[in-house]
There are 4 protein chains.
Amino acid sequence: MRYAVSCVLNYDVQGNAPFVFNIEAQNTEHQKVLDETLTISPQLAIERFDMPESGNRYFRLRAGPGPLKVEYRATVELTPATFDPEAVQEVEPGRLPLEALTHLYPSRYIESDLLQQFAKREFGHLKPGYQRVAAIANWICDNIDYVRGSSDESTSARDTLIQRQGVCRDFAHLGIAFCRGLGIPARFVSAYAWRLQPPDFHAVFEAWLEGPEGGAWFMFDPTRLADSDGLVRMGVGRDAAEVAFCSPYGEADCGSPKVRIEALDRDANTTKPTTRAVTLAAA
Amino acid sequence: MRYAVSCVLNYDVQGNAPFVFNIEAQNTEHQKVLDETLTISPQLAIERFDMPESGNRYFRLRAGPGPLKVEYRATVELTPATFDPEAVQEVEPGRLPLEALTHLYPSRYIESDLLQQFAKREFGHLKPGYQRVAAIANWICDNIDYVRGSSDESTSARDTLIQRQGVCRDFAHLGIAFCRGLGIPARFVSAYAWRLQPPDFHAVFEAWLEGPEGGAWFMFDPTRLADSDGLVRMGVGRDAAEVAFCSPYGEADCGSPKVRIEALDRDANTTKPTTRAVTLAAA
Amino acid sequence: MRYAVSCVLNYDVQGNAPFVFNIEAQNTEHQKVLDETLTISPQLAIERFDMPESGNRYFRLRAGPGPLKVEYRATVELTPATFDPEAVQEVEPGRLPLEALTHLYPSRYIESDLLQQFAKREFGHLKPGYQRVAAIANWICDNIDYVRGSSDESTSARDTLIQRQGVCRDFAHLGIAFCRGLGIPARFVSAYAWRLQPPDFHAVFEAWLEGPEGGAWFMFDPTRLADSDGLVRMGVGRDAAEVAFCSPYGEADCGSPKVRIEALDRDANTTKPTTRAVTLAAA
Amino acid sequence: MRYAVSCVLNYDVQGNAPFVFNIEAQNTEHQKVLDETLTISPQLAIERFDMPESGNRYFRLRAGPGPLKVEYRATVELTPATFDPEAVQEVEPGRLPLEALTHLYPSRYIESDLLQQFAKREFGHLKPGYQRVAAIANWICDNIDYVRGSSDESTSARDTLIQRQGVCRDFAHLGIAFCRGLGIPARFVSAYAWRLQPPDFHAVFEAWLEGPEGGAWFMFDPTRLADSDGLVRMGVGRDAAEVAFCSPYGEADCGSPKVRIEALDRDANTTKPTTRAVTLAAA
């Protein structure tokens, strides 16, 4: 399935300010960028950095005073693997790839050490595997209210659990916290999300599990607000602290990002949206 | 029903240190002290202060270096009011006695402002009244594990909810937090607790509700560890910060308090303990 | 010195909502209300409650849908005691009045238990007495920035210390935290504040100290934004959780309070403002 | 300068448990492992993983029930670069290597977002460069007390700043927090530390700065407890969550690690220890 994704970002920059962006679609086994264009006005030199351990594609530019417009357009093909949820297992720590251990550690917005007891109490009795992580995503969807404006950039998983409300970022943090608390590596994902209304950047999470073909990151969306088959990944990381679509290092007024995603190969008007909390896609 | 209560407290004091104690049974409509003795070794002068708004009975002494032993023994009669739970209502804020409003505010260990959303999400749909507070106590009993040593003196209701474990003090804090979050005045109670095993000082909470005979503080014990008809109150307050059985203002080594309570009017061996989460007693 | 104080509060009430107000000037030894009027539009019955332990004057009304206007005007005489700061001492716990011990405990916005070590490290070496509390107020004035909008209703002393900014409420909380951490009873005070610009309700703190004439609450204003001789007290309490000028129990839109205070006995234009961090007034 | 380092770790394992260790010395430009031996009793297969982005050397083993002993011995050569502190600059974000940006983000134990204002208020006026980071390390040494047992594994930089005490781990976290708050990339380092008394694993921090020969990680030890020229690095990471010398995934009783480090090329008894808060060594 092919998707056209785009975003347009507008800034009004005071003085000189470097900006780092992470808005470009990743290239992975199940997500191919077929074509893409990046347009910056005024024209500015950019430096690129693809982070080896995450596949995140960063670029940096140095803007001068005045307006700055960054526009990214791409056609991306998603080929989600299909699998039998019952056949997807958790991996015990002695067999996890050592590079995945990083995603067991607590991070700024995910105090999984403090939430471990909660996770065990609520999900510890469930049969380990894909369905347990799906149960976590479902629990969040059922128990946390999606309320725009209810959280801010310092809100952590602990806060969200207490306040019982948040946005996609907070839902993802809480899902990751529960997974890590149970010994399941999990990470934060920013994405273009098909059928998300209103259109915006989205955040979901991935857990490291093992299917018949080996270990992979399986995606879960506890908000159920987007179509789980139409998530185009931009950034992955420990938590939102590592995955910002834009980091300005200087003063700038930001307009709202204009984000779009369109399915090219199916009739978006007639197909009933899928709203599973989890996806069939794995990296 | 009459109870014999006692506690023996031993200290080894370095230097000169004032101590404030709150170990004596309160005198209220439903709790009468029939006789009592307080023995201090070495013999020391004490100052007394009965706090008008709480009925707490404090005394202070100034100990010198060496051993200090404080011993309190009393016979207390409890005459719990009986009532029909269905007939006990919550009181809306416009009709609450103004002195009870204090017990709607958040306090050190009870961030009821932060837990309000949680309280509403979990208990907001329940029919207001005694049964709703009982549901809160039951929820805590079902969802929080009683684990000795799992909390310390800085643990608050928010921590307890996240960690899913605590001791009687923490259970009471969480119950109060949920009540205040729903607009129900609630306060912390320290008590001698019949059938608590092992014997120790206990902590429960009270909510201000209104029965057919008017407003009163109704007691709830979310631990279900003691007999709800045999709780002899020592101190009430906003939270544990205000209700310490002993506050030493100087260095002293404390032995474990030896606490006892015995039912004088019934056969403790044959009567089946009641383990309701709530009591039939009101002040 | 006489002051004319007034406030006008406007609300737009949805549905029926009880309101509790604490806007009237206290009557104490050093603060006498000479005359006062309270006007409520529409005319509504009020219930009054003067809290014995604080002297706070509360009244409650029950508003129906539509506009509500509450207007208070008073003439108040302040007769601050003069004293020699060097002669004002801290009181060791063994000699504190037992009712003051309450103000040693931590409270919702004042984690004095957690800040005790900080207080000792920063102020523990100073000579105990009035001047040490003045040093605390000065430290706050020097180290915390007064920034409108930098805090919200869940901000506590710990947050303020970390963020190094706040408003009068936060400055007072931090001052109280340091005092309690050093064993000095301290409490929160809301007041009409002469020469505060722009005019608004103000918050300061008081510490229990002992002058030649005995123990008293001494006032300190770590913001230095008002004239320390012209503070007319409305409410005192453990912290801001207990001292709100208005608590609505229902939905209502609030306009900004219009607060005024005028010195009747001196020429406000020619007298140089005093901006000591502490006052010469004691209750 | 050559150092002999060693550690002996003893466990009593219940059941089967995987362990991940990070106790081996790194190989970097300024730190060469000349020889090393790793002995495990009972003999067990190990898996190795050298993390590319950090140079950390991990190994994993799967222990069965009973005693487990892990022993590491190495000879390491340190060739610290010498430099003129005045010539070492901070690097503005537009010129930082993009892989270093990760170390500007807040992490579990380092809420640099919340401490940014504190950092700016305390160190913002200082001239940027090596000397500013040295001033941070000195401030911590002067303002935080090193108190064994004063913190635990959930203690964060915010807690340490409030409590004014901690151990080497906490000192490093706070130093990193201040650096990140000022826009200086900083990371956590675990090390064998010459002259640390009593001998133990040590924790320090590194900041990314730029000398005449280019960008490098410069080491700072705010505890001043070890000889800054004799730090043999084991692990680097965002914070202590990522840098554990041992992570057991199962139940095991741990004895105290026996850690040793000896200078082979100088007379430890006659040379006066250097106790600068910062090192002349860069990676």
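Here is a chat about a predicted model with chains A, B, C and D.

Me: Let's begin with chain A: how many helices and strands does it have?
Reply: Both kinds of element turn up in chain A. The count is four helices and 16 strands.

Me: And how compact is chain A for its length?
Reply: The globule rule gives 19 Å for 283 residues. The radius of gyration of chain A is close to that, so the chain is as compact as a globular protein of that length. Along the principal axes, its C-alpha trace spans about 55 × 40 × 35 Å. The radius of gyration itself comes to 19 Å.

Me: What share of the residues in chain A is buried?
Reply: To count as buried, a residue needs a relative accessible area under 20%. Chain A has 283 residues to sort that way. The buried ones make up 58%.

Me: Which share of the contacts in chain A is between residues 24 or more positions apart?
Reply: The pool here is the contacts with a separation of 6 or more. Within that pool, pairs at 24 or more positions account for 76%.

Me: What about the surface: how much of the exposed area of chain A do carbon and sulfur supply?
Reply: Chain A exposes about 10,900 Å². The part of that area supplied by carbon and sulfur atoms is 49%.

Me: How far apart are the centres of the positive and negative side chains in chain A?
Reply: There are 29 positive side chains and 38 negative ones. Take the centre of each set, and the two lie apart by 1 Å.

Me: On to the assembly: what rotation superposes chain B on chain C, and which C-alpha of chain B is nearest the axis?
Reply: The rotation is 180 degrees with 0.0 Å of shift along its axis, and the RMSD is 0.0 Å. The two copies are thus related as by a two-fold rotation axis. In chain B, the C-alpha nearest that axis is 1.9 Å from it, and it belongs to R108(B).

Me: How much of the interface of chain B recurs in chain C?
Reply: The copies meet through the same surface, because the interface residues of chain B are also interface residues in chain C. The share is 100%.

Me: Which C-alpha of chain B is nearest the axis when chain B is superposed on chain A?
Reply: Superposing chain B on chain A takes a rotation of 180 degrees with 0.0 Å of shift, at an RMSD of 0.0 Å. The C-alpha in chain B nearest this axis lies 3.8 Å from it, and its residue is I162(B). The same surface serves both copies here, with the contact residues of chain B recurring in chain A at 100%.

Me: How far apart are the closest C-alpha atoms of chain A and chain C?
Reply: No contact joins chain A and chain C. Chain B and chain D do not touch either, and their nearest C-alpha atoms are 13 Å apart. For chain A and chain C, the closest C-alpha atoms are apart by 13 Å.

Me: Now some residues: is M234(B) buried or exposed?
Reply: M234(B) sits in strand 12 (residues 231-237) of chain B. Its contacts beyond four places in sequence include N22(B), I23(B), Y192(B) and F201(B). The C-alpha of V189(B), 45 residues away along the chain, is 7.4 Å from that of M234(B). With a relative accessible area of 1%, M234(B) is buried.

Me: Where in chain A is P198(A), the residue after the cis peptide bond?
Reply: Most peptide bonds are trans. The bond from Q197(A) to P198(A) is cis, with omega near -10 degrees. P198(A) is placed in the loop between strand 9 (186-193) and strand 10 (201-211).

Me: What is phi of R224(A), and is the residue buried or partly exposed?
Reply: Most residues other than glycine have a negative phi. R224(A) is not a glycine, yet its phi is positive, at about 55 degrees. This residue lies in the loop between strand 11 (214-220) and strand 12 (231-237) of chain A. At 28% relative accessibility, R224(A) counts as partly exposed.

Me: Which residues of chain C does R95(B) contact?
Reply: R95(B) is found in the loop between strand 6 (66-78) and helix 1 (112-123) of chain B. At 43% relative accessibility, R95(B) is partly exposed. Leaving aside neighbours within four places, R95(B) is in contact with E210(B) in its own chain. From chain C, the contacts are R60(C) and R62(C).

Notes. Residues are numbered from 1 along each chain as its sequence is written. Chains are lettered from A and ligands numbered from 1 in the order in which they are written. This is a predicted model: local features need pLDDT of at least 70, side-chain atom pairs count only at pLDDT 80 or more; totals for chains, interfaces and linings use all residues. Side-chain values use heavy atoms; hydrogens and water are left out. Contact means heavy atoms within 4.5 Å. Helices (H or I, at least four residues) and strands (E, at least two) are DSSP runs, numbered from the N terminus. The radius of gyration is taken over C-alpha atoms; the globule rule is 2.2 Å times the number of residues to the power 0.38. Buried means under 20% relative accessible area, exposed over 50%, partly exposed in between (1.4 Å probe, protein chains only). Accessible areas come from the Shrake-Rupley method with a 1.4 Å probe; for residues, only the protein chains shown count as cover. Lys and Arg count as positive and Asp and Glu as negative; His and the chain ends are not counted. The place of a charge is taken as NZ of Lys, CZ of Arg, CG of Asp or CD of Glu. Copies are superposed by least squares on the C-alpha atoms of residues with pLDDT of at least 70 in both.
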